[in-house]
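Colleague: I should like a close look at a single part of this model, namely its salt bridges. Please describe which side chains take part and where they lie.

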Amino acid sequence: MIDFTLLTSVLLGVVVLLVLILRFKIQAFIALLIASILVGVLSGMEPLAIIKTLQDGMANTLGFVAMVVGLGAIFGAILEHSGGAESLATFLLAKFGEKRAPWALMLTGFIVAIPVFFEVAFIILVPIIYALQKRTGKPLLLYGIPLLAGLAITHTFIPPTPGPVAVADILKADLGWVIFFGFIAGIPTAILCGPLFGKYISKRVHVSGLQMDTDGKKLENPPPVGAIISIISIPILLIVVNTVINSPLIGENIIPENVLRWLGMIGHPFSALIIANLIAWYLLGIRRGYTKDTLLDISTKSMAPAGMIILITGAGGVFKQMLVNTGAGEMLANYFANEGVSILLFAFLSAAVIRILQGSATVAMITAAGLTAPLLAESISDPQKALLVIAVASGASIMSHVNDSGFWLVGKYLGLSEKQTFKSWTVMTTLLAITGFASASVLSLFF
């Protein structure tokens, strides 16, 4: 049965959140906290209970997210400054050849965006797009869209990128399963949104691009591509192996309990990322002539963008906790269960609506995860929680347009008009969202 007081408090909380961000340009961190307090007040919570909920929600969320996002940011910054992204792109283009360059660029984006933020990776790699256009004379979007698709899909689906990490923590999903399903859902999505859509749209949107100096871009003594791939793979493999050995796929008593405990520690995201950071720090830093002071400076600067993501995620955790403590989440869960509405669909649609209205994929992910988390039954399995992460991430990627900074970044660097950016980038992000959600829906039939 619907409690209209609770329902009204949740709806008004979401409306106020959007108005604060869109109309008054209040930072999302503060807006989420204000919306959370409003839900508590309107639902009749005691004043001190509201403050306690703020504290608990922030603490419960940041204990995991702050560690993973912080370590991931440092890891990505060292890879970025070492020239690893360019080295990987050059290697893949040489292996694939110019005819299959769109596939090489898609794969480059897919790999590079695992440790490096989307915006940073795109800016690093965009000169390669222009160099290829200059060499082949083919349309710019034939190369640009596949690269963007690879970057966007990994940034959306695969930890340790901040979005899926934050959603996984709020939904209490196992990161190993999120990585596993992220790759499975990401492969068909990357193929459709990358080379296939790139070939289609490049024939219909003609753009000359910007005048960029792409000569002399070759790195002097670039890092070996094998080292780059190995270093990126280390934390992913450790996390996934830890998930597999602790899953029903491995029978009981096959691995001694003491060994399982140690493997569990090594394969935990904290340990896996610390190990990867130390290896990157040495192989890509010290051994390549970077001083300790330079590496410290790189690491310190990487904390700036990570800090804002951590705070917004913490505020999202507060919003989720408020829905739990007021009982609004349980009420909505019972309602959707009685009406036969899929939680997977609810997760996708709530993220999509918030994304379209206010632009930020991160805010859409965090808010939708906060709305979805209280709906989860105790019986829901780890694979099902991971698929919910993919559904939320898909919805939060849909229809990037003028209220999204990514829309303007892509348009600026590829020399696109607003109309051309809508036809290419906006359509591509919408295809990404729909294909990602469709993949999660199909996978949910088997897990």
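Modeller: A salt bridge is here a side-chain nitrogen of Lys or Arg within 4 Å of a carboxyl oxygen of Asp or Glu. By that criterion the structure, which is a predicted model, holds five salt bridges. Side chains of opposite charge can pair when their charged atoms come close. The supply of such side chains in the protein chain is 26 positive and 22 negative, and the centres of the two sets lie 14 Å apart.

The setting may be given briefly. The protein chain contains 19 helices and zero strands. Its radius of gyration is 22 Å, which agrees with the value near 22 Å for a compact globule of 447 residues. The C-alpha trace spans about 65 × 55 × 45 Å along its principal axes. Of the 447 residues, 55% are buried. Among contacts with a separation of 6 or more, 82% are between residues 24 or more positions apart.

Three of the pairs can be described in turn, beginning with E98 and R135. The side chains of E98 and R135 approach to 3.3 Å, N to O. Because E98 lies in the loop between α4 (84–96) and α5 (101–112), while R135 belongs to helix α6 (residues 118–136), this pair ties together parts that are 37 residues apart in sequence. As for solvent exposure, E98 is partly exposed, at 38% relative accessibility, and R135 is exposed, with a relative accessible area of 57%.

The pair of R261 and E257 is a local one within a helix: both residues lie in helix α11 (residues 257–266), four residues apart, about one turn of the helix. The closest N and O atoms of R261 and E257 are 3.2 Å apart. Both R261 and E257 are exposed.

The pair of R355 and D404 has its closest N and O atoms 3.4 Å apart. It links distant parts of the chain, with R355 in helix α15 (residues 343–358) and D404 in the loop between α17 (382–395) and α18 (405–414), 49 residues apart. The cut-off for a buried residue is under 20% relative accessible area. R355, with a relative accessible area of 5%, is therefore buried, and D404, at 10%, is buried as well.

In summary, R261 and E257 are exposed partners on one helix, whereas R355 and D404 join distant parts of the chain.

Conventions:
Residues numbered from 1 in each chain as written. Predicted model: local features only at pLDDT ≥ 70, side-chain atom pairs only at ≥ 80, totals over all residues. Heavy atoms only, no water. Helix = DSSP H or I, 4+ residues; strand = E, 2+ residues; numbered from the N terminus. Rg over C-alpha atoms; globule rule 2.2 N^0.38 Å. Buried < 20%, exposed > 50% of the residue type's maximum accessible area, 1.4 Å probe, protein only. Contact = heavy atoms within 4.5 Å. Lys, Arg positive; Asp, Glu negative; His and termini not counted. Charge placed at Lys NZ, Arg CZ, Asp CG, Glu CD.
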